[in-house]
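Read the following walk through a small set of side-chain pairings with the structure open beside you. Find each residue as it is named.

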Amino acid sequence: MSENRQPPLYCPYCGDEDLRPNEAAHGAWECRSCVRVFSVKFIGLLSKGVSSK
């Protein structure tokens with residue numbers, strides 16, 4: 001599977017769009033507005049047997 005993913009469009013903490021890749025870890029992003037470093041990880045898909053009732 002390819003590791004090329006869509007980069008985040010906004011900071012999950014403050015909503016700002018001024019994001020830059022961070023060298024701290026693979027896949028880490030830094031927000032220049034709220035000065036946080038974060039990463040987004042895809043866990044998986046829900047199975048078809050799960051219902052939302």
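A salt bridge is a side-chain nitrogen of Lys or Arg within 4 Å of a carboxyl oxygen of Asp or Glu. By this rule the count in this chain comes to two salt bridges. The coordinates come from a predicted model, and side-chain atom pairs count only at pLDDT 80 or more.

One salt bridge joins the side chains of Arg-20 and Asp-18, with 3.4 Å from N to O. Arg-20 is partly exposed, with a relative accessible area of 36%. Asp-18 is also partly exposed, at 30%. The other salt bridge joins Arg-32 and Glu-30, with 3.0 Å from N to O. Here Arg-32 is partly exposed, with a relative accessible area of 44%, whereas Glu-30 counts as buried at 19%. The cut-off matters for Glu-30: buried means under 20% relative accessible area, so a value of 19% places Glu-30 among the buried residues.

Where does Glu-30 lie in the chain? Glu-30 belongs to strand E2, which covers residues 28-31. The side chain of Glu-30 also makes a polar contact with the side chain of Arg-32, at 3.0 Å. Leaving out residues up to four places away in sequence, Glu-30 touches Asp-18, Leu-19, Arg-20, Pro-21, Asn-22, Arg-36 and Val-37. Both partners of the other salt bridge, Asp-18 and Arg-20, are in that list.

The strand that holds Glu-30 is part of a simple layout. The chain has zero helices and three strands, and from the N terminus on the elements run β-β-β. Of the 53 residues of the chain, 15% count as buried. Among contacts between residues at least 6 apart in sequence, 9% join residues at least 24 apart.

Next come the cysteines. How many disulfides does the chain have? The count comes to zero disulfides. The sulfur of Cys-14 has its closest cysteine sulfur in Cys-31, 3.7 Å away. A disulfide needs two cysteine sulfur atoms within 2.5 Å, so the sulfurs of Cys-14 and Cys-31 are too far apart for a bond. Seen from the other side, Cys-31 is in no disulfide, and the nearest cysteine sulfur is that of Cys-14. The two residues also have their own accessibility values: Cys-14 counts as partly exposed at 39%, and Cys-31 counts as buried at 2%.

Cys-31 turns up again in the interior. In soluble globular proteins, nonpolar side chains tend to be buried together. The largest nonpolar core in this chain has five residues, namely Cys-11, Leu-19, Trp-29, Cys-31 and Phe-38. Take Cys-11 as a starting point: not counting residues up to four places away in sequence, Cys-11 touches Asp-16, Leu-19, Cys-31, Cys-34 and Phe-38.

Phe-38, a member of that core, leads to the aromatic rings. The count of aromatic pairs in the chain is one. The rings of Tyr-13 and Phe-38 have their centres 6.3 Å apart and their planes at 70 degrees, so the pair is edge-to-face. The pair links distant parts of the chain, with Tyr-13 in the segment before strand E1 (19-21) and Phe-38 in strand E3 (residues 37-39), 25 residues apart. Are the two partners buried or exposed? Tyr-13 counts as exposed, at 52% relative accessibility, whereas Phe-38 is buried, with a relative accessible area of 6%.

Asp-16, one of the residues that Cys-11 touches, also has its place in the segment before E1. At 29% relative accessibility, Asp-16 counts as partly exposed. Apart from its neighbours within four places in sequence, Asp-16 is in contact with Tyr-10, Cys-11, Cys-31 and Ser-33. For Asp-16 and Ser-33, which are 17 residues apart along the chain, the C-alpha atoms are separated by 6.5 Å.

The last stop concerns the backbone. Most residues other than glycine have a negative phi. Val-35 has a phi near 60 degrees, a positive value in a residue other than glycine. Val-35 has its place in the loop between E2 and E3. Val-35 is exposed, with a relative accessible area of 70%.

Terms used: Residues numbered from 1 in each chain as written. Heavy atoms only, no water. Buried < 20%, exposed > 50% of the residue type's maximum accessible area, 1.4 Å probe, protein only. Phe/Tyr/Trp six-rings, centres within 6.5 Å; stacked < 30°, edge-to-face > 60°. Helix = DSSP H or I, 4+ residues; strand = E, 2+ residues; numbered from the N terminus. Polar contact = N/O pair within 3.5 Å; in protein donor to acceptor, adjacent residues only side chain to side chain. Contact = heavy atoms within 4.5 Å. Core = buried A, V, L, I, M, F, W, Y, C linked by side-chain atoms within 4.5 Å.
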